[in-house]
Amino acid sequence: MSKLRLTLLGACLGLAPYAAMAQGAAKLTDPQIAHIAHTAGQIDIQAAELALKQSKNKEVRAFADDMVRDHKAVNEKALALVKKLNVKPEDNDTSRSLMQQAEAKRKELSALKGAAFDKAYAQNEVAYHQQVNGALQGTLIPNASNGELKDLLSTGLKIFQGHQQHAEHLVHALPARTGALAH
Amino acid sequence: MRRPTILAAVALGMLGSPASPAGTTQSIRMMGIAFEPKQVTVHVGDTLEWANHDIVAHTATAKDKSWDVNVLAGKNGRMVMKAPGHFDYICRYHPNMTGAIIVEP
């Protein structure tokens, strides 16, 4: 993978200045791609768990339940695949950057409550899926070498495109943000 | 009028599968985050059976909210069509999955 492609992936995932630059021009390997995809799923599961903890909105909670269920299903398949292929998912600069970004977003969301949290969570779900889908489509899927990994990523992309649409509907269904902060 | 209706639908490229004999079961696969066939034509009293071949749960949900079938991953869900009409439907979890059911009297 070229340095430009890594930069684009960072941009796709919203990772400004982007620590993954440390990887330089090295091509992402399948174990690294698997780890990035798995990490992206885990991040959305954790965001959903936060929503289930903080939100009382029926639609938001239903959406969060969907995210937990689907991302767990995809991640279980991913783990089964790497086991079958006898490879170990490798931590890398991109997955580490994803986790750092997710932690910052988690803190931001945790400071909100009620309708403000609901709207911010739903908006973030739109943006996050948009970013991950862009990375899957433009970088991760084209660079995956193993056919089964490529197929799983492609299936994941279709599932996550559905999540993005679902999140967009949720954003429109929720009242505008009030900016209320948690006490 | 049934044959002309079917022929017209075929001519318009609208038909996913031909109208079934009354009281039969029409199968629809949920696979690759899509309904296959995307459009089916059945009669009142026929049963629709969705078979979920995907790794995630899906629903078959009429856009007019008149019916809703949950189908877990690897499972089947069935429904008897009780009223005629044209029903556009989606998966509530993945709204990029769309299909249509035409129920003839």
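Okay, let's start where the two chains meet: chain A and chain B bury about 1,100 Å² between them, and carbon and sulfur atoms give 66% of that. Buried area here is the accessible area, with a 1.4 Å probe, that two parts lose on being put together, summed over both. On the chain A side, Arg69(A), Lys158(A) and Ile159(A) lose the most area to chain B, together 34% of what that side buries. If you prefer to count residues, 16 from chain A are in contact with ten from chain B, contact being heavy atoms within 4.5 Å.

Quick housekeeping. This is a predicted model, where local features need pLDDT of at least 70 and side-chain atom pairs count only at pLDDT 80 or more, while totals for chains, interfaces and linings use all residues. Residues are numbered from 1 along each chain as its sequence is written, chains are lettered from A and ligands numbered from 1 in the order in which they are written, and side-chain values use heavy atoms, with hydrogens and water left out.

Now, one residue on the chain A side: is His166(A) buried or exposed? His166(A) counts as buried because its relative accessibility is 16%, and the cut-offs are under 20% for buried, over 50% for exposed, partly exposed in between, using a 1.4 Å probe and protein chains only. Leaving out neighbours within four places in sequence, His166(A) contacts Phe63(A) and Asp66(A) from chain A, plus Arg92(B), Tyr93(B) and Pro95(B) from chain B.

His166(A) sits in helix H6 of chain A. Helices are DSSP runs of H or I with at least four residues, strands are runs of E with at least two, and both are numbered from the N terminus. H6(A) covers residues 147–173, so 27 residues, and spans 39 Å from first C-alpha to last, close to the 39 Å expected; that expectation is 1.5 Å times one less than the number of residues. At its N-terminal end, Asn146(A) is the cap, with a side-chain oxygen 2.8 Å from the backbone nitrogen of Glu148(A).

Over to chain B. Its secondary structure is one helix and nine strands, with the helix coming before the strands from the N terminus on. Of its 105 residues, 48% count as buried.

The strand I'd look at is S5(B), residues 58–62, where five of five residues are buried. His58(B), Ala60(B) and Ala62(B) point one way, Thr59(B) and Thr61(B) the other. Who are its partners? Strands count as paired if DSSP finds at least two bridges between them. S5(B) has four bridges to S6(B), residues 68–71, running antiparallel, and Thr61(B) has Asp68(B) as its bridge partner there. Those two strands make a hairpin with five residues between them, and Lys65(B) in the turn has a positive phi of about 65°. S5(B) also has two bridges to S8(B), residues 85–90, again antiparallel, with Ala62(B) opposite Tyr89(B).

There's also an open sheet of four strands in chain B, ordered S2-S1-S4-S7 with mixed pairing. S2 and S7 (76–80) are the edges, each pairing on one side only. S1(B), residues 25–30, pairs with S2(B) in the antiparallel sense over two bridges, and Arg29(B) stands opposite Glu36(B).

Last stop, Lys38(B), in the loop between S2(B) and S3(B). Which residues does Lys38(B) touch, not counting those up to four places away in sequence? Thr98(B), Gly99(B) and Ala100(B).

Note on methods
Polar contact = N/O pair within 3.5 Å; in protein donor to acceptor, adjacent residues only side chain to side chain.
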